[in-house]
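User: I am new to this structure and would like to go through it by question and answer. Please show it before we start.

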Amino acid sequence: MKRLILRLPGPMPVKIILFAAIVIVAVVALFFFYDWFGTSLLDTGGTIS
Amino acid sequence: MIDESTDSTKAATAAELSTPGRRGTRLKKFVRTAGWTSIGLGLFVLGFVGQQLFVTTYFAQQANVGLTADAQTYFEEVEITEVPYVPTLGSLVSGDPEIITSPDAPIPTILLEAKPEIGDAFAIIRIPSIERLAQGWAVVEGVSRRTLRAGAGHMPSTPLPGQPGNSVISGHRTTYGAPFHELDTLVEGDIIEVETALGFHTYSVTGIEIVTPRDLWVIEDRGGATLTLTTCHPKFSARQRLVVFAELIDGPNAEAILGI
């Protein structure tokens with residue numbers, strides 16, 4: 001993780017902010033994926049169509 | 001001669017030692033990569049289960065509190081009209097006196113409420129025999145993924161609860177608060193109560209069936225005023241649908257619709 005932060009551009013505070021932003025975007029994307037996967041396969045809400 | 005043989009022996013020994021050393025390093029790297037991959041996959045699956053079972057339920061329960069309050073406000077604000085109803089036709093007659101064959105007979109009337117907007121909480125469903133539904137669960141208009149995040153939604157193409165025709169409400173079974181989790185425990189004669197702006201509509205369960213998601217006949221009009229609840233089946237699978245059929249037995253419009 002330390003190596004990943006060091007590879008990011010800019011000075012250290014910028015690197016940390018960038019890393020935090022990447023983590024937040026990744027978590028949000030992951031939750032969207034979980035939501036889509038869950039409502040497609042596990043429980044659609046029981047609709048008839 | 002002696003020196004040469006000694007050197008070659010040393011070189012051979014070094015080569016023998018270095019090969020397993022490299023192999024060991026590669027094996028260590030492989031085990032480490034496999035280990036981290038397994039941990040990553042485990043966290044991914046754990047995150048999925050946690051998000052589906054707990055996060056969605058937490059947010060749906062929070063939303064339900066707000067939506068129940070919204071529904072109470074909706075009850076007070078929605079426009080209600082009284083219209084003539086001909087029970088034999090099983091449909092509404094919008095004030096057309098020619099259709100009424102006997103002018104002397106009293107014209108039954110029913111109460112109608114304006115159609116809610118998609119996403120509006122307009123009803124509260126209560127099933128006394130199911131613990132999580134005994135206190136009531138808000139029903140929103142619409143059955144899209146977004147609207148069903150609240151837990152239960154009314155199919156817009158069907159009549160509202162308490163009105164003539166087959167009203168269909170769909171709900172989640174294992175996620176998003178899982179309001180219909182124990183729908184399979186219902187038996188014939190169990191009571192389902194739906195509160196709308198018109199008042200309390202009481203339905204009695206008439207049957208339960210397992211169908212495919214494409215069995216559209218379950219949402220068709222069966223005459224009178226009926227309620228159909230649909231949810232996923234089996235639990236943790238969207239392969240089939242569990243359908244509960246119920247008929248209106250009491251409520252503001254029951255007398256006119258049932259002809260009693």
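The turns below deal with the core, the interface and one loop residue of this predicted model.

User: Which strand gives the most residues to the largest nonpolar core?

Analyst: The largest nonpolar core has 43 residues. Those with the most contacts inside this core are Ile125(B), Leu183(B), Ile192(B) and Leu229(B). The element that gives the most to it, with five residues, is strand 4 (residues 121–126) of chain B.

User: Which residues does Ile125(B) touch, leaving out those up to four places away in sequence?

Analyst: Ile125(B) is one of the residues with the most contacts inside the largest core. Not counting residues up to four places away in sequence, its partners include Glu193(B) and Gly136(B). The full set is Leu133(B), Gly136(B), Trp137(B), Val139(B), Ile169(B), Phe180(B), Ile192(B), Glu193(B), Val194(B) and Leu229(B).

User: How many residues are in the second, separate core?

Analyst: This core includes Met155(B), Ile219(B) and Phe245(B) from chain B, and Ile48(A) from chain A. Its number of residues is eight.

User: How much area do chain B and chain A bury between them?

Analyst: The size of an interface is often given as the accessible area lost when the parts come together. Here 34 residues of chain B are in contact with 19 residues of chain A. Of the area buried between the two chains, 58% is on carbon and sulfur atoms, and the total is about 2100 Å².

User: Which three residues supply 27% of the area that chain B buries against chain A?

Analyst: No other three residues of chain B supply more of that area. They are Phe44(B), Phe48(B) and Arg145(B).

User: Which residues form the salt bridge across the interface?

Analyst: The rule finds one salt bridge between chain B and chain A. Its N to O distance is 2.9 Å, and the side chains that meet are those of Arg149(B) and Asp35(A).

User: Which element gives the largest share of the side of chain B that touches chain A?

Analyst: Helix 1 (2–77), strand 7 (165–171) and strand 10 (225–233) of chain B each give two or more residues to this side. By class, the side has 16 nonpolar, 12 polar and six charged residues. The largest share, seven residues, comes from helix 1 of chain B.

User: Is Asp215(B) buried, partly exposed or exposed?

Analyst: Asp215(B) lies in the loop between strand 9 (199–211) and strand 10 of chain B. A polar atom of the Asp215(B) side chain lies 3.0 Å from the backbone nitrogen of Thr212(B). Buried means under 20% relative accessible area and exposed over 50%. The value for Asp215(B) is 23%, so this residue is partly exposed.

How values were computed. Residues are numbered from 1 along each chain as its sequence is written. Chains are lettered from A and ligands numbered from 1 in the order in which they are written. This is a predicted model: local features need pLDDT of at least 70, side-chain atom pairs count only at pLDDT 80 or more; totals for chains, interfaces and linings use all residues. Side-chain values use heavy atoms; hydrogens and water are left out. A nonpolar core is a set of buried Ala, Val, Leu, Ile, Met, Phe, Trp, Tyr and Cys residues joined through side-chain atoms within 4.5 Å. Buried means under 20% relative accessible area, exposed over 50%, partly exposed in between (1.4 Å probe, protein chains only). Helices (H or I, at least four residues) and strands (E, at least two) are DSSP runs, numbered from the N terminus. Contact means heavy atoms within 4.5 Å. Buried area is the accessible area (1.4 Å probe) that two parts lose on being put together, summed over both. A salt bridge is a side-chain nitrogen of Lys or Arg within 4 Å of a carboxyl oxygen of Asp or Glu. Ala, Val, Leu, Ile, Met, Phe, Trp, Tyr, Cys and Pro count as nonpolar, Asp, Glu, Lys and Arg as charged, and the others, Gly among them, as polar. A polar contact is a pair of N or O atoms within 3.5 Å; within protein, one must be able to donate a hydrogen and the other to accept it, and residues adjacent in sequence count only if both atoms are side-chain atoms.
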